[in-house]
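Trainee: Please give me a close look at the interior of this one, meaning how the helices pack and what sits in the core. Go slowly, since I'd like to follow it on screen.

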Amino acid sequence: MMLIGIDPHKSTHTATAVDPETNRDLASIRIDVTLQEYQRMLDWACQWPERRWAVENARGLGHHLTSWLLARGEEVVDVAPSATARVRQLSRGAGRKNDRIDAAAAACVAALQGDARPVQPENSTDALALLDERRSNLAQARVRAVNQLHALLRALLPGGAPRDLSAAKAEQLLDTVIPVGSAELTRHALAADLIAEIRTWDVKLKDNAKAMATLIAESESRPPGIPHRHTFR
């Protein structure tokens, strides 16, 4: 099993292959932080069919690369920067720091000191959390549009409009208004635009709910609370 240490930086990552039996630095590669470069690094690593990636600060600067590797079936462990610092201190150069030493140190820590923690790939729970966050954002955007529409309808209709109103009913009410003057014409146009916008949010919310239901069925998980009401508030 070859260990490949990763020293991540904001714009570049350095990978160093270390033989865990001899602790020898066998090869190294530096890449830019792009998806194309990620693939180039993975292609380079394929010369060792059995490999494990030891990423320094996998939940920080190395998070994106770690997620990318895990999604492609790679085995990844997280190594704390403090652990690699101890290895550097004991390595040649009396604490000298450079990217290749850091990356190799991460692998050495994972192999020899047991300070590495396995990182699990994202799963349906993570996907559900993303969809739930998206649902919340969609619902908030819809509420904002609904509130704006209700204010416009109050100005256009005698007695305003009921709170609990569907987009279709709002459109019917708006069709009864024959606007006169620039202010009424503008309100009427904005209200029509908001009704179309709300319909878009409704479609997106339905699609989101379907996607969540599919994930839940696949993972046999219980759904989080998903309040979903197509009413104006």
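**Helix packing and the core**

Mentor: Start with the long pair: α5 passes α7 in a left-handed crossing. Helix α5 covers residues 124-156 and helix α7 residues 181-219, and they pack at an angle of about 160° with their axes 8 Å apart. Angles over 145 degrees count as roughly antiparallel, and α5 and α7 are therefore roughly antiparallel to each other. As for what lines the contact of α5 with α7, its residues divide into 23 nonpolar, five polar and nine charged. Keep in mind that you're looking at a predicted model.

Zoom out for a second to get your bearings. The chain has seven helices and six strands, and along the sequence they follow the pattern β-β-β-α-β-α-β-α-α-β-α-α-α. Of the 233 residues in the chain, 39% are buried. Among the contacts with a separation of 6 or more, 59% are between residues 24 or more positions apart.

Now swing over to the other helix pair, α1 and α2. Their axes come within 11 Å and cross at roughly 60°, and α1 and α2 are therefore oblique to each other. This crossing is right-handed. On the α1 side, the contact is made by L35, Y38, Q39, M41 and L42, while α2 brings H64, L65, W68 and L69. Sorted by type, the residues of the contact of α1 with α2 come out as seven nonpolar, two polar and no charged.

M41 and L65 are good handles for stepping into the core. The largest nonpolar core holds 23 residues, and I4, M41, W44 and W53 touch the most other members. Two or more residues each come from β1 (2-8), β2 (12-19), β3 (24-32), α1 (35-45), β4 (51-56) and α2 (63-71). The top contributor is α1, which gives five residues to this core. Pick M41 and look around: leaving out residues up to four places away in sequence, M41 touches I6, A15, I29, I31, W53 and L65. There's also a second, separate core of 22 residues, with A145, L153, L157 and L173 among them.

Go back to M41 and follow its contact to I6. This residue lies in strand β1. With a relative accessible area of 0%, I6 is buried. Its neighbours, again leaving out residues up to four places away in sequence, are T14, A15, M41, W53, A54, V55, E56, L65, A103 and A106. So what separates I6 and L65 along the chain and in space? The two are 59 residues apart along the chain, with their C-alpha atoms separated by 9.5 Å. Put M41 in the picture as well: M41 touches both I6 and L65, and I6 touches both M41 and L65.

Finish on two loop residues. In the loop between β2 and β3 you'll find N23, which has a positive phi of about 60° although it is not a glycine. N23 is partly exposed, at a relative accessible area of 38%. The loop between β4 and α2 holds N57, another residue with a positive phi of about 60° that is not a glycine. N57 also counts as partly exposed, at 29% relative accessibility. Set either one against I6, which is buried at 0%.

Conventions: Residues are numbered from 1 along each chain as its sequence is written. This is a predicted model: local features need pLDDT of at least 70, side-chain atom pairs count only at pLDDT 80 or more; totals for chains, interfaces and linings use all residues. Side-chain values use heavy atoms; hydrogens and water are left out. A nonpolar core is a set of buried Ala, Val, Leu, Ile, Met, Phe, Trp, Tyr and Cys residues joined through side-chain atoms within 4.5 Å. Buried means under 20% relative accessible area, exposed over 50%, partly exposed in between (1.4 Å probe, protein chains only). Helices (H or I, at least four residues) and strands (E, at least two) are DSSP runs, numbered from the N terminus. Contact means heavy atoms within 4.5 Å. Axes are lines fitted to C-alpha atoms, for helices over the stretch in contact, and angles run from 0 to 180 degrees between N-to-C directions. Angles under 35 degrees count as roughly parallel, over 145 as roughly antiparallel, 65 to 115 as roughly perpendicular and the rest as oblique. A crossing is left-handed if the near helix is turned anticlockwise from the far one by less than a right angle, and right-handed if clockwise. Ala, Val, Leu, Ile, Met, Phe, Trp, Tyr, Cys and Pro count as nonpolar, Asp, Glu, Lys and Arg as charged, and the others, Gly among them, as polar.
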